[in-house]
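Hi,

Here is the structure I promised to pass on. Have a look at it first, and then read my notes below.

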Amino acid sequence: MSIRVKGLISFCEFTLLMVKRVPMNFKGSNILSIDQYERQDMVTIFSLAAFMECYAQRKKRTRVLEGALLGNIFFEPSTRTRVSFETAFYRLGGSVFNIADKTGTSMVKGESLEDTARVLGGYADVLVVRHPKEGSVKRCADVSSSPVINAGDGSGEHPTQALLDLYTIMKESGRSLDQIDGLSIAFVGDLKHGRTVHSLAKLLSLFKNIHFILISPNPLVMPQEIIQQLQSRGHTLEECRDLASGIGKADVIYMTRIQQERFSNPEDAERYRGCYCLNKGLYEKQVGSKNVPIMHPLPRDSRPGALEIDQDLDDHPNLAIFRQANNGVPVRMALFALVLDVADIFSRT
Amino acid sequence: MSIRVKGLISFCEFTLLMVKRVPMNFKGSNILSIDQYERQDMVTIFSLAAFMECYAQRKKRTRVLEGALLGNIFFEPSTRTRVSFETAFYRLGGSVFNIADKTGTSMVKGESLEDTARVLGGYADVLVVRHPKEGSVKRCADVSSSPVINAGDGSGEHPTQALLDLYTIMKESGRSLDQIDGLSIAFVGDLKHGRTVHSLAKLLSLFKNIHFILISPNPLVMPQEIIQQLQSRGHTLEECRDLASGIGKADVIYMTRIQQERFSNPEDAERYRGCYCLNKGLYEKQVGSKNVPIMHPLPRDSRPGALEIDQDLDDHPNLAIFRQANNGVPVRMALFALVLDVADIFSRT
Amino acid sequence: MSIRVKGLISFCEFTLLMVKRVPMNFKGSNILSIDQYERQDMVTIFSLAAFMECYAQRKKRTRVLEGALLGNIFFEPSTRTRVSFETAFYRLGGSVFNIADKTGTSMVKGESLEDTARVLGGYADVLVVRHPKEGSVKRCADVSSSPVINAGDGSGEHPTQALLDLYTIMKESGRSLDQIDGLSIAFVGDLKHGRTVHSLAKLLSLFKNIHFILISPNPLVMPQEIIQQLQSRGHTLEECRDLASGIGKADVIYMTRIQQERFSNPEDAERYRGCYCLNKGLYEKQVGSKNVPIMHPLPRDSRPGALEIDQDLDDHPNLAIFRQANNGVPVRMALFALVLDVADIFSRT
C-alpha cells in the first residue's frame, strides 16, 4: 500500500473492499452532479482511487487507456483542474486534446455550444467540460455521443472536486467511510458562489449526522436550496460570522476564496476579500493539538489583503491543501477507469 | 465492416480495393492543393480511410506512429480542424505539439514565417499549417524539412476538407467513386471566400459531368478562375440567387457560412448573414423523400439572423453535418499513414 | 553514427566516452544555472546527447519515459524552446502538459508562483519553467517536489540553451571538448539582456584560454559581474563597437536579437535594432574561406531594419542556426534522461 496514512485508523480497508464488479451506473455515463451518487458509490470510487495511487506516482505503469482520447474543454481559466484531469488520463496511457480558450475556438464564428459538443464528442472517448454558465455542461452532455464530466459550471457544481475532497478528508483524518457519519465541518468564505462547497455539502449529506458550520459574510451565505437539502436529510447547521468562534468545534476546516469572477459587479468582491484569514496563531489557539485538516480547493488568493490561509501555515503538518490537490489525480483516474469501463482490469491485478 | 452504410449501394467496395502498393507520390510529400491529385488517388485515400474507421472509433488499436510527432501550427482560430488532425494522429499512436495562437509565438519578436517553419519542421515528422493569408502554407512547405499539410490558407484551399467531403458524399449517398460521375451538387452561401467550396469543386472536377448549382449573393459568387477550370473540364454550371429553386435538382446540398473574417470590411458581412436559411419546411418541400444529404463544413453560424441550417433539421436523418465532421478523422488518418509511409502495414493486416 | 560531421575532427569520440555511470549530481536535481556544472559534466551530457540523435530523428524508437509526465510552464511567449522540450520528452516516450499563457492560469485569481509550482510539481515528474522575472524559476524549484529545469528567467540564465550551443560549436567546428580550450568567440548584439549569451559565456569559462570578443552598443554591454567571472578564470576579453573589425579573429560568431521585451522603455530598443547586420558580403570579406560557424539562439528578427543575419546567408554552409535549433532536441533528451535517471538504459544498449 503506497498511501501515506496520517490518522489513527488505517486507510487500507478500502483496498480490501476491492471492486469485484463495476456497477452499471458508471460505465459510459456522464458525471454532472453529486446528486447522481449514493453513499455506496463512494466505496467503488475510493477503493479504486486508492489502488490508483501507485500509478499516479508512477511507481507502477499501465497502458490501459492506450489509444483513448480525452477532450479537455475549458471555457474558463483553470490551471489545476485542467491539468489534473490531463495528468490522470496520461497516467492511464491515454492521449488528450485541449480547448483551453474561448477566443481560439469556433464560438467566435457563431457556433452553438451544442454543435461544439457534438463535434468534439464525436472525436474523443470522453469530454471534460468547464463553463462559466450554470447548466451549460449538461447542455453538452445532452448532445454528445461521448460521456461528459462536469469540471465546474459557473456557480453550479464541481462534482469531481467534491469526491477528491471527501477522499482527502478520509486520508487526512484517518476516518473510514462509516466514520464520516457524525463529522463536523466548517465551510469558510464565499459560500454563495463557491461551487466546490455546494458539491461537497451535497456529498456529505449522503452520510449521517453531519454538522455544518457555515462561516461567511452575510451577502455570501450558502444558497437556501442547499441548506434545505441538508436539513431535510437530518443534518445540523449553524451559521456564523466569526472565524475564531466557528472553527473551534470543527473536525475539518474548509477555506475558500472570494469568487470575484462570479460577482455581477466584480468590485463588490473587493469588500469581502480578506474577511477571513486563517493564520498559525488563530489556528493553534482554537484547535490546539487536535488533528484538524485545513483544506482549500485552490487557488488560494495570496495577494496582500486576501490571504485566506496565511503562509505562516505553509509548513504546518495539518495544512492539507497540496496533498488535497494531488489527490485529484488518483480520484480522477478512478472515475475515468469507471466511465471508460476498464476498472475491472485493475481489480484483477 | 464497421462503417454505417446509409445509401442503396454498399460502401464495402472500397475495402475490396485494398491498397496493395502505396503510390510514390504520397510518401514524404506535401498536401497543399487539390490540384496535385488525380481521380485514381481517391481510390488509394478512401480505401485506406474506410479501413481506418475501426481505429478512429477505437474498436481496434494501433501504435504504428509510435514516437512520431505532428506539429499542429494554427495561425487562425480553429476548433474542429485542429482537433481532428490531432485526433487522427493520436489514434495512430503518435504525439502532437500545438502552436495555436499567434501571440504566443516568436512572430511577435519579428521572426519570419520561413524561420518558424524551418525550426518546427526540424522538430516534427509532419506539420499541419493553417494561416490567414493565401499562399502562406506553401511558403512553409518550401523551407520545411518535414512534409507540410495545408489546413486552410486564407481564401485559398483546404484540401483535406475536400477529401473528407467527397468521402462523406459517397458514404451518405451510397455512391461508388464511379457513381460520382453525373452528380448534381448545390453550393450555397459565401462562395467567394469559402475555401472548402473551392477545394471541393476542384476535387469534383476530376470526375465526369458534374452539375454545379451555385447559389450565392451577387458579390459572393464563386471566383472566375474556378468556374473556368470547371467548365474547361466539361462540367455544367448554373448560377442562382434563390435557395428554394436551386436545391430542387441537387443530389447533395452543401451549405456554407458567411466568412466574415475574410471581408476587408467585416461589417459588410452583416448584410449577407442569414441570406440563405435552410429549414425543415423548405427542405421537405423541395426535396421530398429523396436521400439528399445536407452538408456543411462547420462551424455553422447559429446566431439569430444567421442560421444557415435551422435547428429544426437537427434530427433529420439526411442532416449529415456531424457525420461529416467525424469522417475527418479516418480520412486524415489515411493521409498521415500515406505521407509517413506506414500505409502498407494496414494493407497487410 | 547518425551525426552529420562537418568539421575536420570526428565527432565519434563522444560515443566512445559512453556513460558508464550516471553521476549522482544529475538524478532528481534541478537545472537552474550553468554555475552548477563542471567541465567533466559536459562529457556526460554530450556523449548521451550524441547517442540520442538517432532517437531524436526517429531512426530508433524508445519508450523509456512511458507514463512519465513533463509540465511545460511558460509565463512568457516561446515557440522553439517550449516545443523543443516537448519534442524531446515525446521522443523518449513520455507525455506533456502545457501551461503556455499567463491569463489562462490561476495567477489571475491571486495565486502565488509558489503555490502554482507546488501543485504542478505534484502532478508532473519534471517541470520546465520560463518566467520573465530573474530568480523566479529558482523560487519554483525551492518548493516543487519534482525537479525544475530553467528555460529562461528574465535576463538571468538559460542553461539548456548554453549546453546546446556548446554542443553545436563542437559539431559545427569539429572540435573535441579539449579543443574548446583556446577558442575565440564573438558575441554580437544585446549582450546586456541576452540570457543565452550570459549562460554560454559562463559555460565556456569552464574551459581554458577562451578569447571573448564582445560586440555591442555601449548601453547594451555584457554585465560587469559576468566579465569579472570570465577574467577571474583567466580568459581574455576585448570589447568592440564595430562588427566588421570584431569578427575577423573569431572561430565562432554568435549573433543575438535586441531583446525589446527586456527594456524598461521598449521604444528605446528601436534605437539599437539593426545596429549589427551580418550579411554575405561582410562575412566573406572578414572570414574568407575559414569554417567559422554563424550561430543565433533564434528567433532572429527579420523585419526590415533589424536583420541581425541577412537572408542572403540562408544557403551558406556555415550558417548553423537551424542545425543549432535542431540540436536542442537531443541535448534536452539527454538532460531528461539524466534527471529522470534512465540514462543507464541507453549506455547498456
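Before the notes, one term: two residues are in contact if their C-beta atoms, placed from the backbone, lie within 7 Å. Also keep in mind that this is a predicted model.

Where chains A and B meet

With that cut-off, 24 residues of chain A are in contact with 25 residues of chain B. On the chain A side, β2 and α4 each supply at least two residues. Which element gives the largest share of the side of chain A that touches chain B? That is α4(A), with 7 residues.

Now go to the place where chain C meets chain A. Here 24 residues of chain C are in contact with 25 residues of chain A. The elements of chain C that give two or more residues to this side are β2 (95-99) and α4 (113-123). The largest share, 7 residues, comes from α4(C).

How the chains are related

Try laying chain C on chain A. A turn of 120 degrees, with a shift of 0.0 Å along the axis, does it with an RMSD of 0.0 Å. That is the relation of a three-fold axis. And which C-alpha of chain C is nearest the axis? It belongs to C:Ser95, 4.8 Å from the axis.

A sheet in chain A

Next, find the open sheet of 4 strands in chain A, which has the order β2-β1-β3-β4 and parallel pairing. Its edge strands are β2 (95-99) and β4 (148-153), each of which pairs on one side only. On average, neighbouring strands of this sheet are turned by 15 degrees against each other, direction ignored. Helix α4 of chain A (residues 113-123) packs on the sheet and touches β1 and β3 of chain A. The direction of α4(A) makes about 155 degrees with that of β1(A).

For the pairing itself, look at β1 (residues 69-74) and β3 (residues 126-131) of chain A: they run parallel and are joined by 5 bridges. You can check one position by eye, where A:Phe74 stands opposite A:Arg130 in β3(A).

Strand β3 in chain C

I went through β3 (residues 126-131) in chain C as well. Is this strand mostly covered or mostly uncovered? It is mostly covered, as 6 of its 6 residues are buried. Both faces are covered: C:Val126, C:Val128 and C:Arg130 are buried on one side, and C:Leu127, C:Val129 and C:His131 on the other.

β3(C) has these pairings:
- With β1 of chain C (residues 69-74), which runs parallel to β3(C), there are 5 bridges. In β3(C), the bridge partner of C:Ile73 is C:Val129.
- With β4 of chain C (residues 148-153), β3(C) pairs in the parallel sense over 4 bridges. Here C:Val128 stands opposite C:Ile149 in β4(C).

Two helices

Helix α7 of chain A (residues 195-204) is mostly covered, with 10 of its 10 residues buried. Those buried residues pack against β4, α6 (159-173), β5 (184-188), β6 (211-215) and α8 (224-232) of chain A.

Zoom in on A:Ala201, which is found in this helix. Why does A:Ala201 count as buried? The cut-off is 20 or more other C-beta atoms within 10 Å, and A:Ala201 is buried because 27 other C-beta atoms lie within that distance. Leaving aside neighbours within four places in sequence, A:Ala201 is in contact with A:Phe212, A:Ile226 and A:Leu230. Its C-alpha is separated by 8.2 Å from that of A:Ala162, although the two residues are 39 residues apart along the chain.

The other helix is α12 of chain B (residues 321-339). This helix has 19 residues and reaches 27 Å from its first C-alpha to its last, close to the 27 Å expected at 1.5 Å a residue. α12(B) is mostly covered too, with 17 of its 19 residues buried. After the helix comes B:Asp341, whose phi is positive, near 65 degrees.

The nonpolar core

Last one. The largest nonpolar core has 306 residues, and those with the most contacts inside it are Ile185 and Ile253 of chains A, B and C. Take B:Ile253: not counting neighbours within four places in sequence, B:Ile253 is in contact with B:Ala186, B:Val188, B:Ile247, B:Leu278, B:Val292, B:Ile294 and B:Met295.

Cheers

Terms used. Residues are numbered from 1 along each chain as its sequence is written. Chains are lettered from A and ligands numbered from 1 in the order in which they are written. This is a predicted model: local features need pLDDT of at least 70, side-chain atom pairs count only at pLDDT 80 or more; totals for chains, interfaces and linings use all residues. Copies are superposed by least squares on the C-alpha atoms of residues with pLDDT of at least 70 in both. The expected span of a helix is 1.5 Å times one less than its number of residues. A residue is buried if 20 or more other C-beta atoms lie within 10 Å of its own, exposed if 12 or fewer, and partly exposed in between; C-beta atoms are placed from the backbone. A nonpolar core is a set of buried Ala, Val, Leu, Ile, Met, Phe, Trp, Tyr and Cys residues joined through C-beta atoms within 7 Å. Two strands pair if DSSP finds at least two bridges between them. Axes are lines fitted to C-alpha atoms, for helices over the stretch in contact, and angles run from 0 to 180 degrees between N-to-C directions.
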